[in-house]
Amino acid sequence: CVAEMLVGLERCGGSAALVGPHGSGKTTLLWHLADALEARGCRVERVRLHGGRGAMSLIRALIRAARGSVVCIDSWERLGWPGALAARWFAALGGLRLLVTAHRSGHLPTLWICRTSTALLAAIVERLPQAGGLPSAECEAQVADVFHRSRGDIREALFTLYDRFEDRARDRRLAGLSRP
């Protein structure tokens, strides 16, 4: 799948966006693609636009990047349209390619749309060891409930499920201690 995405990235002219809602796996996919690009000998600069210094990190990365490099930018939408326009202009001027995460399509061709579903969350939970020791029907009901409450944000759903698992484990430990 990653190899196919790299072919798609070339078809997009080397610059593209990974699009999807919060918690849909965009950042994880971005870093996997960055690793794959590096494994193929491509120079990669990685930038997270979280926090107050994100724009400065991007400027430094764009200046530092060698011609032909790929600048991977997480949270592209934080630049706003003027910042995105400036980044695209600077990248074009420097012969750089951009691979970004965004919540909606727009400034760059869309390489991949990340989507979530209850089935995806359930498949992730199935891979976890001992998924909380819950009977499968109860586990399915909790996964569906948490997915709905998190509005499809897989990351938040996993945090919530983890908290529920820890609460359940604590309750089992306390119940074991209270027995004579």
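Modeller: In this predicted model, a residue is called buried when its relative accessible area is under 20%.

Colleague: Which residues of β1 point one way, which point the other, and are they buried or exposed?

Modeller: From β1, A16 and L18 point one way while A17 and V19 point the other way, and all of them are buried, so each has a relative accessible area under 20%.

Colleague: What makes β1 a paired strand with respect to β4 and β5?

Modeller: Two strands pair if at least two bridges are found between them; β1 and β4 have four bridges, in the parallel sense, and β1 and strand β5 (residues 110-113) have three, also in the parallel sense, so both count as pairs. L18 stands opposite T101 in β4, and V19 stands opposite I113 in β5.

Colleague: Why is I59 called partly exposed?

Modeller: I59, which is found in helix α3, has a relative accessible area of 42%; because the class lies between 20% and 50%, I59 is partly exposed.

Colleague: What makes I59 eligible for a nonpolar surface patch?

Modeller: Patch residues need over 30% relative accessible area, and I59 has 42%; together with M56, I63, W89, F90 and L93, I59 makes a nonpolar patch of about 640 Å², to which α3 and α4 each give two or more residues.

Colleague: Which residues have the most contacts inside the largest nonpolar core?

Modeller: That core has 20 residues, and those with the most contacts inside it are L58, L62, V71, I73, W76, L98 and V100; β1, α3, β3, α4 and β4 each supply at least two of its residues.

Conventions. Residues numbered from 1 in each chain as written. Predicted model: local features only at pLDDT ≥ 70, side-chain atom pairs only at ≥ 80, totals over all residues. Heavy atoms only, no water. Core = buried A, V, L, I, M, F, W, Y, C linked by side-chain atoms within 4.5 Å. Buried < 20%, exposed > 50% of the residue type's maximum accessible area, 1.4 Å probe, protein only. Patch = residues over 30% accessible without salt bridge, like charges linked within 9 Å, V, L, I, M, F, W, Y side chains within 5 Å. Areas by Shrake-Rupley, 256 points an atom, 1.4 Å probe, with all protein chains shown as cover. Salt bridge = Lys/Arg side-chain N within 4 Å of Asp/Glu carboxyl O.
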